[in-house]
Amino acid sequence: MTHEEHEALQEVWAERVADFQASGQTRPQWAAAHGVTVHQLAYWLRKFRAATQHSAPPAWVAWPSPTATNPGATLIVRIGPAEIRVGPDFGPPLFQAVVRALSS
């Protein structure tokens with residue numbers, strides 16, 4: 001397969017994956033309706049999920065300090081099954097280190 005053919009195939013499957021995700025159907029329902037196998041759909045879902053996860057590092061956003069708007073307030077950040085409670089004494093360097101550790 002040439003590079004151009006490979007890119008064309010990826011574009012076709014990117015559209016198919018987006019269509020599947022928007023459809024609300026199960027994998028077997030969507031695959032049967034579109035003439036592909038469940039295995040093919042699962043392969044491309046994994047491939048695009050892996051590419052998305054490794055393509056860009058997490059972006060940091062500015063967030064007001066809990067003490068600025070409500071002294072003693074706690075911000076709760078959930079990353080998968082982990083939970084970080086950010087209180088007034090939780091400094092930005094520690095928060096960044098915890099998030100990096102949890103996302104790796």
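# Briefing on a predicted helix-and-strand chain

Among the contacts in this chain between residues at least 6 apart in sequence, 26% join residues that are at least 24 apart. The model is a predicted one, and of the 104 residues of its chain, 17% count as buried. The chain holds five helices and two strands, and, read from the N terminus on, its elements follow the order α-α-α-α-β-β-α.

**How α1 and α2 pack**

- Helix α1, which covers residues 3–23, packs with helix α2, which covers residues 27–34, at an angle of about 130 degrees, and the axes of the two helices are 10 Å apart.
- Because an angle of this kind falls outside the ranges for roughly parallel, roughly perpendicular and roughly antiparallel, α1 is described as oblique to α2.
- The crossing that α1 and α2 form is right-handed.
- On the side of α1 the contact is made by Arg16, Asp19, Phe20 and Ser23, while on the side of α2 it is made by Arg27, Trp30 and His34.
- Sorted by chemical character, the residues of this contact of α1 with α2 comprise two that are nonpolar, two that are polar and three that are charged.

**The nonpolar cores**

- The largest nonpolar core has nine residues in all, and these are Trp13, Val17, Phe20, Trp30, Ala31, Val36, Leu41, Trp44 and Leu45.
- Three helices, namely α1, α2 and α3 (38–55), each supply at least two residues of this core.
- Leu45, one of the residues of the largest core, touches Val17, Phe20, Gln21 and Arg27 when residues up to four places away in sequence are not counted.
- Phe20 and Trp30 belong to the largest core, and both of these residues also take part in the contact between α1 and α2.
- Apart from the largest core lies another core, made of five residues, among them Val77, Ile84, Val86 and Phe95.

**Pro88 and the loop it sits in**

- Pro88 has its place in the loop between strand β2 (82–86) and helix α5 (92–103).
- The relative accessibility of Pro88 is 45%, and because partly exposed residues lie between the buried limit of 20% and the exposed limit of 50%, Pro88 counts as partly exposed.
- Although Pro88 and Ala73 are 15 residues apart along the chain, their C-alpha atoms are separated by 7.2 Å.

Terms used:
Residues numbered from 1 in each chain as written. Predicted model: local features only at pLDDT ≥ 70, side-chain atom pairs only at ≥ 80, totals over all residues. Heavy atoms only, no water. Axes fitted to C-alpha atoms, helices over the stretch in contact; angles between N-to-C directions. Helix = DSSP H or I, 4+ residues; strand = E, 2+ residues; numbered from the N terminus. Parallel < 35°, antiparallel > 145°, perpendicular 65-115°, else oblique. Left-handed = near helix turned anticlockwise from the far one by under 90°. Contact = heavy atoms within 4.5 Å. Nonpolar A, V, L, I, M, F, W, Y, C, P; charged D, E, K, R; others polar. Core = buried A, V, L, I, M, F, W, Y, C linked by side-chain atoms within 4.5 Å. Buried < 20%, exposed > 50% of the residue type's maximum accessible area, 1.4 Å probe, protein only.
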